[in-house]
Amino acid sequence: MVISLKPVSIENWYACTQLKVKTEQLDVFPAPVVYWIAESKYVDEFEVRAIYSEEELVGFLVFCLQPDKDGNHWIPAIMIDEKHQGKGYGRAAMERLMEWMRLNLSACKKIMIGHRPNNQVAERLYESLGFSKVSEEIVDGEIIRLLKIE
Ligand SMILES: CC(C)(COP(=O)(O)OP(=O)(O)OC[C@H]1O[C@@H](n2cnc3c(N)ncnc32)[C@H](O)[C@@H]1OP(=O)(O)O)[C@@H](O)C(=O)NCCC(=O)NCCS
């Protein structure tokens with residue numbers, strides 16, 4: 001499977017806004033892609049990427065180029081379009097992103113990600129990639145997870 005993370009550009013930004021999660025997932029992933037693209041125009045550290053399988057657009061993600069005040073690089077959002085879920089793309093995109101962050105962000109020693117407590121697919125996926133719960137505390141509606149990079 002060839003998964004790539006490409007910049008969001010004049011060519012693909014509209015197609016990105018047409019990516020959708022399943023209706024029943026809106027309670028765990030409420031903000032549409034267009035919201036994240038808009039926020040990235042005003043939050044300097046937000047980087048957005050389109051997720052492709054070969055030449056097909058299948059998803060979208062957001063990560064932070066700069067760490068927060070505690071040295072954590074956040075991944076604020078990742079989604080795979082409803083038509084393409086369950087095919088391994090989410091896991092492959094996370095692995096690709098984590099590899100990119102390790103190689104290209106020299107100061108990146110801690111990656112953080114959050115998910116709603118009832119998002120069991122995200123919970124299992126992040127846990128299996130090495131993201132451990134920071135605590136049982138729910139912060140802004142989310143469980144926070146941390147991956148330490150050696
Ligand atoms: C979470 C999400 C990104 C995962 O992407 P995906 O491409 O569907 O997931 P994958 O096919 O790579 O599967 C990842 C793991 O989840 C499991 N999984 C995927 N869909 C599942 C489902 N509906 N039920 C149970 N397990 C599921 C897979 O079996 C796989 O486990 P394995 O690798 O141990 O076999 C995707 O489901 C999604 O976009 N959800 C809505 C948005 C969201 O919740 N984003 C994350 C919170 S910010």
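In this predicted model, arginine 91 reaches the ligand through its side chain: an N or O atom there is 2.7 Å from an oxygen atom of the ligand. Backbone atoms join in as well. At isoleucine 80, a backbone N or O atom lies 2.8 Å from a ligand oxygen, and at lysine 87 a polar backbone atom is 3.2 Å from an oxygen atom of the ligand. On its own, the ligand has 920 Å² of accessible area, and the protein covers 71% of that.

Now for the wider surroundings. The ligand has 18 residues around it, and the ones that come nearest are Ile80, Gly88, Gly90, Arg91 and Asn119. Arg91 and Ile80 thus turn up in this nearest group as well as in the contacts just described, Arg91 with its side chain and Ile80 with its backbone. As for where the shell comes from, two or more residues apiece are given by strand 5 (77-80), helix 3 (89-104) and helix 4 (120-128). Helix 4 gives the most, with four residues. Sorted by class, the shell is made up of nine nonpolar, six polar and three charged residues.

Which pocket does the ligand take up? The space it fills is the largest pocket. That pocket has a volume of about 1200 Å³, and its lining runs to 43 residues. Phe29, Ile78, Asn119, Ala122 and Tyr126 are the ones nearest the pocket's centre; Asn119 is also one of the residues that come nearest the ligand. A whole run of elements puts two or more residues into the lining: strand 4 (72-75), strand 5, helix 3, strand 6 (110-115), helix 4, strand 7 (132-139) and strand 8 (142-148). Strand 5, helix 3 and helix 4 have already come up as contributors to the ligand shell. By class, the lining of the largest pocket counts 24 nonpolar, 10 polar and nine charged residues.

The second largest pocket has a volume of about 180 Å³. Its lining draws on Pro7, Val8, Ser9, Ile10 and Trp13, then on Ile37, Ser40 and Lys41, and finally on Phe46, Glu47, Val48 and Arg49. Helix 2 (33-40) and strand 2 (46-53) supply at least two residues each. Strand 2 has the largest share, at four residues. In terms of class, seven of the lining residues are nonpolar, two are polar and three are charged.

Away from the pockets, a look at the backbone picks out two loop residues. Glutamate 54 is not a glycine, yet it has a positive phi of about 55°. This residue sits in the loop between strand 2 and strand 3 (56-64), and strand 2 is the element just met in the lining of the second largest pocket. Aspartate 140 also has a positive phi, near 50°, and is likewise a residue other than glycine. Where does aspartate 140 lie? Its place is the loop between strand 7 and strand 8, two strands that each give two or more residues to the lining of the largest pocket.

Definitions and conventions. Residues numbered from 1 in each chain as written. Predicted model: local features only at pLDDT ≥ 70, side-chain atom pairs only at ≥ 80, totals over all residues. Heavy atoms only, no water. Near = heavy atom within 4 Å. Polar contact = N/O pair within 3.5 Å; in protein donor to acceptor, adjacent residues only side chain to side chain. Areas by Shrake-Rupley, 256 points an atom, 1.4 Å probe, with all protein chains shown as cover. 1 Å grid on protein atoms, 1.4 Å probe; cavity = no way out; pocket = protein on both sides within 12 Å on 5 of 7 lines; lining within 4 Å. Sits in = over half its atoms within 2 Å of the grid points. Nonpolar A, V, L, I, M, F, W, Y, C, P; charged D, E, K, R; others polar. Points joined across faces, edges and corners; volume = space filled by probe spheres on them.
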